[in-house]
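Student: I would like a close look at a single residue of this protein, set against the fold as a whole. Please treat its surroundings in detail.

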Amino acid sequence: AARYFSTQSVAAMSVSSSILMPVFGIGLGLIMGLAPLISQKRGAGHNADDHFFTCLIYTAAVAVICAFLSWCCGYLVPFLGVDQEVVPLAQGYIRIFSVSYLGVYIFQGLKEFLQAHDDVLFANVISLVAVVITLGLAPCLAFGKFGLPALGAMGLIWTVLIARIFIAVALAIYAHKYFRQRFVWIPHFIPRVICLSVPISLTISMEVIGWAGAAILIARVSTVQAAAHNIIVSLSAMTYMIPVAIASASAVKVGFAFGQKSLHAIHRYIASALSIAVGFKILTALCFVFLAHQIMGIYTQDADLTWWGVRMMYVAAVFEIFDGMQATLSGCLRGLGISKPSMILGFLAYCLVGVPVGVLLMHTFNQGAVGMWIGLALAIFILGVTLAIYLWTVLRRLRNQGFALEPIPTPRM
């Protein structure tokens with residue numbers, strides 16, 4: 001977007017996403033407790049198909065509430081102190097994004113249920129199809145190709161809405177066999193989901209608020225730096241998707257092994273997940289270091305924007321490994337039914353260390369947006385190391401509780 005649209009449009013996307021991401025993170029976290037709990041039931045030898053309608057209704061309620069809250073967030077933009085040209089653009093983006101949350105939450109809820117049953121292929125394929133649709137439709141709506149209206153940067157946001165509705169409808173059609181079964185409402189399952197999911201939700205929110213607050217503080221200093229920040233955050237978010245997917249899968253697999261009471265399988269799944277996630281992040285870190293100028297050239301030809309973006313990318317390369325590590329470890333803990341420590345450690349890392357250090361470097365030491373990125377990198381480092389130490393203590397406790405150290409045959413479900 002930075003290459004084809006105004007700096008104000010890119011800054012507006014940064015501000016709007018910064019405002020919405022805390023709400024989005026809360027809703028996403030409230031849904032992420034579904035898969036580990038269902039997987040634990042399957043690992044213990046129980047049939048979990050009858051939880052489908054309970055999961056669906058719970059997910060729909062979360063979607064409606066979060067969409068409403070997101071829409072209301074648009075009224076906060078004028079009070080953030082950003083450039084007045086950015087305000088109406090950001091408000092427009094927020095309204096469309098809010099509606100798109102209905103689609104993405106329903107998709108995620110269905111995906112959680114299917115994933116707990118080791119049914120992940122179609123959801124992943126449809127996600128890739130949505131990416132293709134987005135890449136094809138975005139320029140058409142932005143520049144008015146094939147008779148479509150030229151909506152400019154707003155066309156990109158409309159594309160996101162269309163893609164998110166598409167994935168929800170497609171996955172609902174795929175899961176049609178569950179819709180045909182007898183309706184069963186399991187009220188006692190909801191409190192269990194909430195107890196596991198609320199800390200997950202708050203953990204995501206702590207991280208999101210840290211990055212959102214950073215974007216708003218940077219936008220108050222410089223529109224150019226805010227635009228550069230948005231580009232690097234987008235890059236980091238893309239590389240972060242792999243560890244998030246691995247964390248999601250590890251939550252299911254570790255949850256199943258926990259239901260079986262197999263410490264051997266728990267160790268195996270954790271080691272595999274960490275190896276893949278950290279290995280991938282090492283590769284992305286190397287790309288950020290050695291291809292920084294080339295990557296920025298894809299987004300913009302503006303010299304100032306490139307200057308700031310390259311320096312932020314160097315800092316991002318430093319924390320890439322620990323970013324992948326903390327995401328994967330959090331997923332493994334979810335599989336064990338543990339989520340509160342991640343919330344507490346996330347709060348300490350981001351709110352008490354990362355953002356304060358970033359503000360200090362940004363203003364007192366005149367490091368600008370790069371200073372804020374250094375502070376956030378420190379937070380991610382602390383979070384990754386402390387989660388690893390905590391998980392190690394949990395595994396020791398499970399061993400003392402008599403979890404099997406030898407492989408347990410997996411029953412056919």
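Tutor: The answer begins with the residue G43 and then turns to the whole chain. The model is predicted: local features need pLDDT of at least 70, side-chain atom pairs count only at pLDDT 80 or more, and totals for chains, interfaces and linings use all residues. Residues are numbered from 1 along each chain as its sequence is written, and side-chain values use heavy atoms, with hydrogens and water left out.

G43 belongs to helix 2, which covers residues 34-43; helices are DSSP runs of H or I with at least four residues, strands are runs of E with at least two, and both are numbered from the N terminus. The relative accessible area of G43 is 9%, and G43 therefore counts as buried (under 20% relative accessible area, with a 1.4 Å probe and protein chains only). Beyond the neighbours within four places in sequence, G43 is in contact with F256, G259 and Q260, where contact means heavy atoms within 4.5 Å. Between G43 and Q181, 138 residues apart along the chain, the C-alpha separation is 22 Å.

Around this residue, the protein has 14 helices and zero strands. Its radius of gyration, 22 Å, is close to the 22 Å from the globule rule for 413 residues, so the protein is as compact as a globular protein of that length; the radius is taken over C-alpha atoms, and the rule is 2.2 Å times the number of residues to the power 0.38. Along the principal axes, the C-alpha trace spans about 60 × 50 × 35 Å. Of the 413 residues, 54% count as buried.

Technical notes. Buried means under 20% relative accessible area, exposed over 50%, partly exposed in between (1.4 Å probe, protein chains only).
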